[in-house]
Amino acid sequence: MKILAIDIGGTMIKYGLVSLDGNILESSEINTDAEKGIENLLTKIDFIKNKYMNYDILGIAISGTGQINGEKGEVIGGNPIIPGWIGTNLVELLEEKYSLPVILENDVNCAALGERWKGAGKNLKNFICLTIGTGIGGGIILNNELFRGENFVAGEFGHIQIKKGEYEQYASTSALVKIVKEKTGNNLNGREIFNLEREGIKEYKEIIDEWIDNITDGLSSIIYAFNPSDIILGGGVTKQGEPLLNRIKESLDKKIGPMFKQNLNIYFAELGNSSGMIGASYLLLKKINKLEEKYDLRGN
């Protein structure tokens, strides 16, 4: 049997088959066409499900954008980029339609669980996962469990305040692109910006240094609040590898006290774009096990 995993983003929907031991067997992607709303999204999910109609599917594991009550599978808030998405109980809709177990959880929470199961966090009991992309998102793993918070919105680190303002407005990849546009007039993506720095253009090094300083301003607040032993950083910028990670560590070292540095480890995520699908699959397996336990307890 295989898991049908779907990762719904604002721009693209990644999907594919995941084995029961958490390996991606195949994957593809289609445009979200977010502006077309929830009905169009359901049509796309139907397309994906039908693509695998001849496979023995155990259930559907969905990682999604926004604030999500992962216990119910209901979208409860966030940026309304998909009209009709907020307020939808996707699990209820799809379980009734396909007669299969379904889970829905926030994408960064799924990324954290994916890294816990098969990636950089697989030997860690507690850690914080921070993704740096269009915005900044967070997932918290405590005692091997996802910590969702009282209202299922724990880890919204992008909205914490740093000295300049809201964290993700100054430390996301979008923020880096914006700073470059404001200071140079050039509309570049993250990869292009780092390439220009590597060419020795001083202006881009100064901009990236400023951006890293913004990242570590927020990181230091998170570290003072949680005193974590391990932080995993994800997002496309992690493709810059060890040199960027070392610069982040160097900047951070100046901002936190000795007791907070002690035993602190910072890693880049290992699973890339697959982490959400893998983490969602983990949650589906957990849900199925709970259903089986409940069934067994009935003595049937």
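How many bridges join β9 to β10, and do they run parallel or antiparallel? Two bridges join them, and the two strands run antiparallel. Here are some notes to help you find your way around the rest.

1. **What you are looking at.** This is a predicted model, in which local features need pLDDT of at least 70 and side-chain atom pairs count only at pLDDT 80 or more, while totals for chains, interfaces and linings use all residues. Residues are numbered from 1 along each chain as its sequence is written, and side-chain values use heavy atoms, with hydrogens and water left out.

2. **Confidence.** The predictor's confidence in each residue is its pLDDT, on a scale from 0 to 100. The chain averages 94 on that scale, and 97% of the residues score at least 70. Strand β7 has the highest mean, 98, whereas helix α10 (residues 275–297) has the lowest, 84. As a reminder, where pLDDT is low, the predicted coordinates should not be read in detail.

3. **Overall build.** The chain has ten helices and 14 strands; these are DSSP runs numbered from the N terminus (helices are H or I, at least four residues; strands are E, at least two). Its C-alpha trace spans about 65 × 45 × 30 Å along the principal axes. The radius of gyration is 20 Å, which agrees with the value near 19 Å for a compact globule of 300 residues (taken over C-alpha atoms; the globule rule is 2.2 Å times the number of residues to the power 0.38).

4. **Surface and contacts.** Of the 300 residues, 50% count as buried (buried is under 20% relative accessible area, exposed over 50%, partly exposed in between, with a 1.4 Å probe and protein chains only). The chain exposes about 14500 Å², and carbon and sulfur atoms supply 47% of that area (Shrake-Rupley method with a 1.4 Å probe; for residues, only the protein chains shown count as cover). Among contacts with a separation of 6 or more, 65% come from residues 24 or more positions apart (a contact means heavy atoms within 4.5 Å).

5. **Strands β1, β2, β4 and β7.** Strands of a sheet pair through backbone hydrogen bonds, either parallel or antiparallel; here two strands count as paired if DSSP finds at least two bridges between them. Start with β1 (residues 2–8), where six of the seven residues are buried. Three residues separate β1 from β2 in a hairpin, and this antiparallel pair has six bridges, with aspartate 7 opposite lysine 14 in β2. β1 also runs parallel to β4, joined by seven bridges; leucine 4 has isoleucine 60 of β4 as its bridge partner. β4 (residues 57–64) in turn pairs with β7 in the parallel sense over five bridges, among them the one between glycine 64 and asparagine 106. Five of the five residues of β7 (residues 102–106) are buried, so this strand is largely enclosed by the rest of the structure.

6. **A five-stranded open sheet.** Now back to the strands of the opening question. They belong to an open sheet with mixed pairing, in the order β10-β9-β8-β13-β14. β10 and β14 are the edge strands, each pairing on one side only. Between β9 and β10, leucine 142 has glutamate 145 as its bridge partner. In β8 (residues 127–132) you will find threonine 131, which is buried at 19% relative accessible area. Threonine 131 touches Val108, Ile136, Gly137 and Gly234, leaving aside residues up to four places away in sequence.

7. **A tyrosine cluster.** The whole structure holds six aromatic pairs (rings of Phe, Tyr and Trp, using its six-membered ring, with centres within 6.5 Å; planes under 30 degrees apart are stacked, over 60 edge-to-face and the rest tilted). Tyrosine 15 and tyrosine 52 form an edge-to-face pair, 6.3 Å centre to centre with 70 degrees between the planes. Tyrosine 15 is in β2 (residues 12–18) and tyrosine 52 in the loop between α1 (37–51) and β4, so the pair ties together parts 37 residues apart in sequence. Tyrosine 52 also makes an edge-to-face pair with tyrosine 55, at 5.6 Å and 70 degrees. Ring pairs thus link Tyr15, Tyr52 and Tyr55 into a cluster. Tyrosine 52 is buried at 2%, whereas tyrosine 55 is partly exposed at 37%.

8. **Two asparagines to check.** Most residues other than glycine have a negative phi. Asparagine 143, in the loop between β9 (136–142) and β10 (145–146), has a positive phi of about 50 degrees. Asparagine 263 also has a positive phi, near 65 degrees; this residue sits in the loop between α9 (258–261) and β14 (265–268) and is exposed at 58% relative accessible area.
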